[in-house]
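Reader: I would like a close look at how the helices and strands of this model are packed against each other. Please take one part and follow it through with care.

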Amino acid sequence: MSTDWNSGVWPDWCPGCGNFGIFTALKGALSELGIMRERIVLVSGIGCSGKIPHFVKVPGVHTLHGRAIPFATGIKASNPELKVIVHGGDGDLLGIGMGHLIAMGRRNPDILVVIHNNGVYGLTKGQASPTLQLGRKTKSLALPNINSAVNPILLGIASGYTFLARSYAYDIEHLKACLKQGISHSGAGILEVIQPCPTWNNLVTMDWVEKNTYRLKDWDPVVKDDEDAVKKAQGIIGLESGERKALGTILVDRRKETFGKRIASIYKNYSTEPPAAQRVEVEGKALPIDLEKTFPRFFIQ
């Protein structure tokens, strides 16, 4: 049951916050995937989205503003057996953390990044975030936004992500299905979640989402070869250039090697003895971790 994934810490988001939908869908996805909770790690940065590791009964890290992705990459590289999921807001991941988001696409680690996109910095009273459209004026802005918006899906294509999807926080079943796909994908993934912020963003309402989104139909997201990859990229640019946002799985590319396999191709002991799998004590006595054995090129003989 999804309630088995409650940590017992009371979620203190504002009433009506889209984070409640993401929280519910995440618990449902984890429950249905049947992954041992000890094998899951949630990593977040700062913002309303950053609180989610407190509320889900799995190991988690609530880390620095914009730094969730490098923390997650280090966790995954240290223990490839873990299923690592990053949760962050549009301000956290596309503002201060954008460089890390791009770098993760280049590396293709087996990590899903869930972007809670509400168009504002909700925790600090609604300043314009990188995804707020040009000319939009939310109730907390003195003047309309003078910056163009970042599109997370197009940024993901340009950065090399191998899984891209978009969903809506209040559509629990659709979001749960996208989460299950993204968590099961082997490689770097972005799941953008349109997440209403009723307190500070009075533009992205339920009515707005109803009029400005649509479910993908007759769209095959799976890349088959290099030629197909070019066609998919052109098709996705077409999808994203329209006024209405597409909801669903947008890209699945299983052809690229993951970051873990790239490391294993260089260091022969990495697959069997990654850093987190090495013994650190015997009968209560600490042992030095033998990193020289796993990563010999970094040690001078």
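At what angle do the axes of helix α6 and helix α9 cross, and within what distance do they come?

Author: This is a predicted model, and what follows should be read as a description of that prediction. The axes of helix α6, residues 152-159, and helix α9, residues 226-241, come within 10 Å and cross at roughly 165°. Because of that angle, α6 is roughly antiparallel to α9, and the crossing of the two is left-handed. On the α6 side the contact is made by I153, L154 and I157, while α9 brings A233, I236, I237 and E240 to it. Sorted by character, the residues of this contact of α6 with α9 comprise 6 nonpolar, no polar and 1 charged.

A second helix pair can be set beside this one. Helix α1, residues 19-33, packs with α7 at an angle of about 55°, the axes being 8 Å apart, which means that α1 is oblique to α7. The crossing of α1 and α7 is right-handed. Among the residues of α1 in this contact are I22, A25, L26, A29 and L33, and they belong to a set that meets residues of α7 including I172, L175, L179 and I183. The contact of α1 with α7 divides into 10 nonpolar, 4 polar and 3 charged residues.

From α7 one can go on to the sheet. This is an open sheet of 8 strands with mixed pairing, in the order β2-β1-β3-β4-β8-β7-β10-β9. The strands β2 (60-62) and β9 (213-215) stand at its edges, and each has a single partner strand, so one side of each is left without a neighbour in the sheet. Neighbouring strands of the sheet are turned by 20° against each other on average, with direction ignored. Within this arrangement, strand β3 (residues 83-89) pairs with strand β4 (residues 111-117) in the parallel sense over 6 bridges, and I85 has L112 in β4 as its bridge partner. Helix α7, residues 172-184, packs on the sheet and touches β3, β4, β7, β8, β9 and β10, its direction making about 160° with that of β7.

Finally, there are the charged pairs, for the structure holds 14 salt bridges. One of them joins D110 with K83, whose closest N and O atoms are 3.8 Å apart. D110 lies in the loop between α5 (98-107) and β4, whereas K83 is in strand β3, so the pair ties together parts that are 27 residues apart in sequence.

Methods. Residues are numbered from 1 along each chain as its sequence is written. This is a predicted model: local features need pLDDT of at least 70, side-chain atom pairs count only at pLDDT 80 or more; totals for chains, interfaces and linings use all residues. Side-chain values use heavy atoms; hydrogens and water are left out. Axes are lines fitted to C-alpha atoms, for helices over the stretch in contact, and angles run from 0 to 180 degrees between N-to-C directions. Helices (H or I, at least four residues) and strands (E, at least two) are DSSP runs, numbered from the N terminus. Angles under 35 degrees count as roughly parallel, over 145 as roughly antiparallel, 65 to 115 as roughly perpendicular and the rest as oblique. A crossing is left-handed if the near helix is turned anticlockwise from the far one by less than a right angle, and right-handed if clockwise. Contact means heavy atoms within 4.5 Å. Ala, Val, Leu, Ile, Met, Phe, Trp, Tyr, Cys and Pro count as nonpolar, Asp, Glu, Lys and Arg as charged, and the others, Gly among them, as polar. Two strands pair if DSSP finds at least two bridges between them. A salt bridge is a side-chain nitrogen of Lys or Arg within 4 Å of a carboxyl oxygen of Asp or Glu.
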